[in-house]
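Good morning, colleagues. Please have the sequence and the structure open in front of you while I go through them.

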Amino acid sequence: QVELMESGGGSVQAGGSLRLSCVASGNTDSTNCMAWFRQTPGQQREGVASMSTGSSDEYYRDSVQGRFTISQDDAKTTLYLQMNSLKTEDTAMYYCAAKMPCPGPALDLSVGPSAYDYWGRGTQVTVSS
């Protein structure tokens, strides 16, 4: 079993920045596919960014391309999402997701939430105008 714990959410004004973190613990694997998703009330969970230990590929949804950056620490146990130039439409609950083991390339965002095995409980991001 793998546990994921997100942190770093909060309230920020439009144009500001936040850095989300997700710490993986438990029966982690050296190979993983990781992603950030977000969800607003009444809406489906949508992929924001994804990456894997098996390749240098990174995927971003169009609306965050150039503003958000996904990364992982060298130990492959902490996932980050640097969010710059935040917009009010970025307001959502942000979730960390993992698929372990995952020796291949990153999963592109079209695969959806069902491709991932483990989920955190989420961290709220609120962007005000």
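The disulfides come to a count of 2, and I should say at once that they are read from a predicted model. Counting the bonded cysteines along the chain, the pattern is 1-3, 2-4. As a reminder, a disulfide is a covalent bond between the sulfur atoms of two cysteines.

Let me begin with Cys22 and Cys96, whose sulfur atoms are 2.1 Å apart in a disulfide. This pair ties together distant parts of the chain, with Cys22 in strand β3 and Cys96 in strand β9, 74 residues apart. The torsion about the S-S bond is -75°, and the link of Cys22 and Cys96 is left-handed. Both Cys22 and Cys96 are buried.

The other disulfide joins Cys33 to Cys102, with an S to S distance of 1.9 Å. Here too distant parts of the chain are linked: Cys33 belongs to strand β4, while Cys102 sits in the loop between β9 and β10, 69 residues apart. The torsion about the S-S bond of Cys33 and Cys102 is about -60°, so this disulfide is left-handed. Are these two cysteines buried or exposed? Cys33 is buried, with a relative accessible area of 0%. Cys102 has a relative accessible area of 6%; buried means under 20%, so Cys102 counts as buried.

That same loop, between β9 and β10, also holds Pro101. Met100 and Pro101 are joined by a cis peptide bond, with omega at about -5°.

I turn now to the overall fold. How many helices and strands are there? The protein has 0 helices and 11 strands. Its radius of gyration is 14 Å, close to the 14 Å that the globule rule gives for 129 residues, so the protein is as compact as a globular protein of that length. Along the principal axes, the C-alpha atoms fill a box of roughly 40 × 30 × 25 Å. Of the 129 residues, 42% count as buried. If we take contacts between residues at least 6 apart in sequence, 63% of them join residues at least 24 apart. The exposed area is about 6300 Å², and carbon and sulfur atoms supply 45% of it.

Next, the interior. In soluble globular proteins, nonpolar side chains tend to be buried together. The largest nonpolar core in this model has 28 residues, and Leu4, Trp36, Leu81, Met83 and Tyr94 touch the most other members. Several strands each supply at least two residues of this core, among them β1 (2-7), β3 (18-26), β4 (33-39) and β9 (92-99). Apart from that core lies another, of 7 residues, which includes Cys33, Ala35, Cys102 and Tyr116. The disulfide between Cys33 and Cys102 therefore has both of its cysteines in this core of 7 residues, where membership requires burial.

Leu4 deserves a closer look. Beyond its neighbours within four places in sequence, Leu4 is in contact with residues including Cys22, Met34, Cys96, Tyr118 and Trp119. Leu4 thus touches both cysteines of the disulfide between Cys22 and Cys96.

Two further buried positions illustrate how the strands meet other parts of the chain. Val125 is in strand β11, and at 0% relative accessibility Val125 counts as buried. Which residue does Val125 approach in space across 116 residues of sequence? That residue is Gly9, with 4.9 Å from C-alpha to C-alpha. Leaving out residues up to four places away, Val125 also touches Gly10, Leu18, Leu20, Met83 and Tyr94, among others. Met83 and Tyr94 have appeared already, among the residues that touch the most other members of the largest core.

The other position is Ser50, in strand β5. Ser50 is buried as well, with a relative accessible area of 0%. What lies 2.7 Å from a polar atom of its side chain? It is the backbone oxygen of Leu107. Among the contacts of Ser50 outside its neighbours within four places are Met34, Ala35, Tyr59, Ile70, Leu107 and Tyr116.

Finally, two backbone details in loops. Lys76, in the loop between β7 and β8, has phi near 60°, a positive value in a residue other than glycine. Lys76 is partly exposed, with a relative accessible area of 31%. Ser85, in the loop between β8 and β9, has a positive phi of about 50° although it is not a glycine. At 40% relative accessibility, Ser85 counts as partly exposed.

Methods. Residues numbered from 1 in each chain as written. Predicted model: local features only at pLDDT ≥ 70, side-chain atom pairs only at ≥ 80, totals over all residues. Heavy atoms only, no water. Core = buried A, V, L, I, M, F, W, Y, C linked by side-chain atoms within 4.5 Å. Buried < 20%, exposed > 50% of the residue type's maximum accessible area, 1.4 Å probe, protein only. Helix = DSSP H or I, 4+ residues; strand = E, 2+ residues; numbered from the N terminus. Contact = heavy atoms within 4.5 Å. Polar contact = N/O pair within 3.5 Å; in protein donor to acceptor, adjacent residues only side chain to side chain. Rg over C-alpha atoms; globule rule 2.2 N^0.38 Å. Areas by Shrake-Rupley, 256 points an atom, 1.4 Å probe, with all protein chains shown as cover. Disulfide = S-S within 2.5 Å.
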